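Me: I'm new to reading protein structures. Could you walk through this one with me, a few questions at a time?

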Amino acid sequence: MTMRFHQVRELVHWAASYHQRLAEHYTQCASGNVNERVRIALEYLASHERTLQANLEGYFTDGSNHRAVLDTWFDDPADFPHLPILDQLPDCMDCSNVQDVLDTALSTHKTLQHLYQHRADRASIEEEREFFTALAAGHDGEVRRLARDIQRLEDY
């Protein structure tokens, strides 16, 4: 995204595509030469990312009550400083142990959460602010759930 003006739907499409790319990356890593616990963690993360992708894509269905906010235009001269970081994070992942995989996944979700909060803080209408605040809050919950579930894997 290098344009200055965007529709909310563009960012949501990008985020859904990003979750898809993460799922593919985790799946590819899981099929590599990794230990069993790391493979299970990567497969769990891939499944998790596909669910997040589907949830975001759900906003585009005909019955979605988010159509008005998705059509909202916004001006962001900062042009999403989070995107280069997000593109680099999966490549930095060390698959030698579960904790490194978890750390990368948590960093990714926290950065997405900051991106959504960035948009909420700069929203021009209340519906846009509420939409991105809800996405940010959802990622806060995802971070806690990922940490809990992967930690359980490590404990067994």
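Me: Is Cys 29 buried or exposed?

Reply: Happy to help, and keep in mind that this is a predicted model. A residue counts as buried when its relative accessible area is under 20%. Cys 29 has a relative accessible area of 16%, so Cys 29 is buried.

Me: How many disulfides does the structure hold?

Reply: Let's look at Cys 29 and its nearest cysteine sulfur, that of Cys 95, which is 4.0 Å away. A disulfide needs two cysteine sulfur atoms within 2.5 Å, and Cys 29 is in no disulfide. Cys 95 is in no disulfide either. For the structure, the number of disulfides is zero.

Me: Which helix supplies the largest share of the largest nonpolar core?

Reply: Good one! This core has 41 residues, and Trp 14, Tyr 26, Leu 42, Tyr 116, Phe 131 and Phe 132 touch the most other members. Helices 1, 2, 3, 5 and 6 each supply at least two of its residues. The largest share, 11 residues, comes from helix 1.

Me: Which helix gives the most to the lining of the largest pocket?

Reply: The largest pocket has a volume of about 170 Å³. Its lining includes His 19, Tyr 59, Tyr 116, Gly 138 and Glu 142. Two elements give two or more residues to this lining, helix 2 and helix 6. With five residues, the one that gives the most is helix 6.

Me: How many charged residues are in that lining?

Reply: Sorting the lining of the largest pocket by class gives six nonpolar and four polar residues. The remaining class is charged, and its count is one.

Technical notes. Residues numbered from 1 in each chain as written. Predicted model: local features only at pLDDT ≥ 70, side-chain atom pairs only at ≥ 80, totals over all residues. Heavy atoms only, no water. Core = buried A, V, L, I, M, F, W, Y, C linked by side-chain atoms within 4.5 Å. Buried < 20%, exposed > 50% of the residue type's maximum accessible area, 1.4 Å probe, protein only. Helix = DSSP H or I, 4+ residues; strand = E, 2+ residues; numbered from the N terminus. 1 Å grid on protein atoms, 1.4 Å probe; cavity = no way out; pocket = protein on both sides within 12 Å on 5 of 7 lines; lining within 4 Å. Points joined across faces, edges and corners; volume = space filled by probe spheres on them. Nonpolar A, V, L, I, M, F, W, Y, C, P; charged D, E, K, R; others polar.
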